[in-house]
Amino acid sequence: MLDDIKKIHAVDKSNMLAVISSLPSQIDRTKSLVSRLDLPKQNPSSVIVSGMGGSSVGGELIRDWLSDKMHIPIMANRTSGLPRFAGPDTLAIMVSYSGNTHETLACTEHALRRGCRIVGVTSGGRLEKLCRSRDFPCILLPPGMPPRGAIGYLFSSIAYLLQETALVRVEEDMREARGFLEEIQHGWTANVEAKNNEAKKIAKLLEKRTPIIYGHTFYNAVARRWKTQINENAKTLAWNSEIPEMTHNEIEGWARDSRGKKFAAIFLRDRHENNVTRNQVKVAVEMLGKKAKTHEVWAQGTTILSRMLHNMYLGDYVSFYLAVLKGVDPMPVHAIQEVKKKVYSA
Ligand code: PA5
């Protein structure tokens, strides 16, 4: 099935594959969208990136990548309010691809009341209007994509925004990662046969099992991205979890619960893991392997960013091929739309 290009296109009716493959070019286009803006000049004492679903992943990836490089805290927020510490010294980045997400709009109103320095990231909708009417900078992204497919725009908007406000320098790493993604995606495209295509192989492994993705250090947001991509593209239940936290609780369930055999556990690995992490993952793989199917994904790339994006991008392709195996069109998200309709238009 996965080596039959015609069948792949028959399932992928709205061409999600093209959206996924556009990630490197999205990174190219973003810098100029950010550099033409008039951004807040004074140094903030904290950064909060608010967004939901597909629009939340960019902020979480940035937090995992840059927390260690920035001198001020950066928080990824997936709620409709801001924490008490948010105030005039907070840079509040409000991300909603559609611009119409209830929680993100509520956060923006909250940030306004708190006097935060707001920057919007959106392709339009009410968020754009709000930014314009209150004279806040707004990074305006090209419209017409599924939010999760705009990850290149969303992630690099935040990265370049932090660079433009002089909080961190990302330029070289972004350029290197962009070229690297372009190169590695060739190994995962539809015309590469399953026997040589890691994304197709992992999709087959997940076909009959419930995926659970384990991240650690720089790979926690990446693990979440795998989970959400599998949920939305393949319309499949999946969860993510973290090492070492899982060794303090979940591992008991794995040791005793016979339902463990229904899962496939994917471990996101890095050859530069410290010894403690390496041992924790090794023990977890051994213990889970007694029940679940386990698989280790090894990041490639020279910089932390490249390795994070390598592991993330592979997951995007895996979720796509899993959708094909399940015969579901990856693009539409009817259940999400139904919830929005029922909850917000009530
Ligand atoms: O992927 C999706 O469609 C969702 O997860 C959306 O991203 C989420 O509902 C939030 O919408 P938006 O990204 O437009 O703010």
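Biologist: Which residues surround the ligand?
Modeller: This is a predicted model, in which local features need pLDDT of at least 70 and side-chain atom pairs count only at pLDDT 80 or more, while totals for chains, interfaces and linings use all residues. Residues are numbered from 1 along each chain as its sequence is written, and side-chain values use heavy atoms, with hydrogens and water left out. Taking residues with a heavy atom within 4 Å of the ligand, the ones around it are Met 52, Gly 53, Gly 54, Ser 55, Ser 96, Tyr 97, Ser 98, Thr 101, Pro 147, Arg 148, Glu 232 and Lys 340.

Biologist: How far is the side chain of Glu 232 from an oxygen atom of the ligand?
Modeller: Let's start with two serines: polar side-chain atoms of Ser 96 and Ser 98 each lie 2.6 Å from a ligand oxygen. These are polar contacts (N or O atoms within 3.5 Å). For an N or O atom in the side chain of Glu 232, the distance to a ligand oxygen is 2.5 Å.

Biologist: How much of the ligand's accessible area does the protein cover?
Modeller: On its own, the ligand has 370 Å² of accessible area, computed by the Shrake-Rupley method with a 1.4 Å probe. The share covered by the protein is 92%.

Biologist: Which aromatic pair is stacked and links strands S6 and S8?
Modeller: The whole structure holds seven aromatic pairs (ring centres of Phe, Tyr or Trp, its six-membered ring, within 6.5 Å). One of them has its centres 5.1 Å apart and 15 degrees between the planes, and planes under 30 degrees apart count as stacked. One partner lies in strand S6 (residues 210-215) and the other in strand S8 (residues 263-269), so parts 53 residues apart in sequence are tied together by Tyr 214 and Phe 267.

Biologist: Where is Pro 244 found?
Modeller: Most peptide bonds are trans. Here, however, Ile 243 and Pro 244 are joined by a cis peptide bond, with omega about 15 degrees. With helices (at least four residues) and strands (at least two) taken as DSSP runs, Pro 244 is in the loop between strand S7 (239-242) and helix H11 (250-256).

Biologist: What is the phi of Asn 15?
Modeller: Asn 15 sits in the loop between helix H1 (5-11) and helix H2 (16-21). Although Asn 15 is not a glycine, its phi is positive, at about 65 degrees.

Key. Polar contact = N/O pair within 3.5 Å; in protein donor to acceptor, adjacent residues only side chain to side chain. Phe/Tyr/Trp six-rings, centres within 6.5 Å; stacked < 30°, edge-to-face > 60°.
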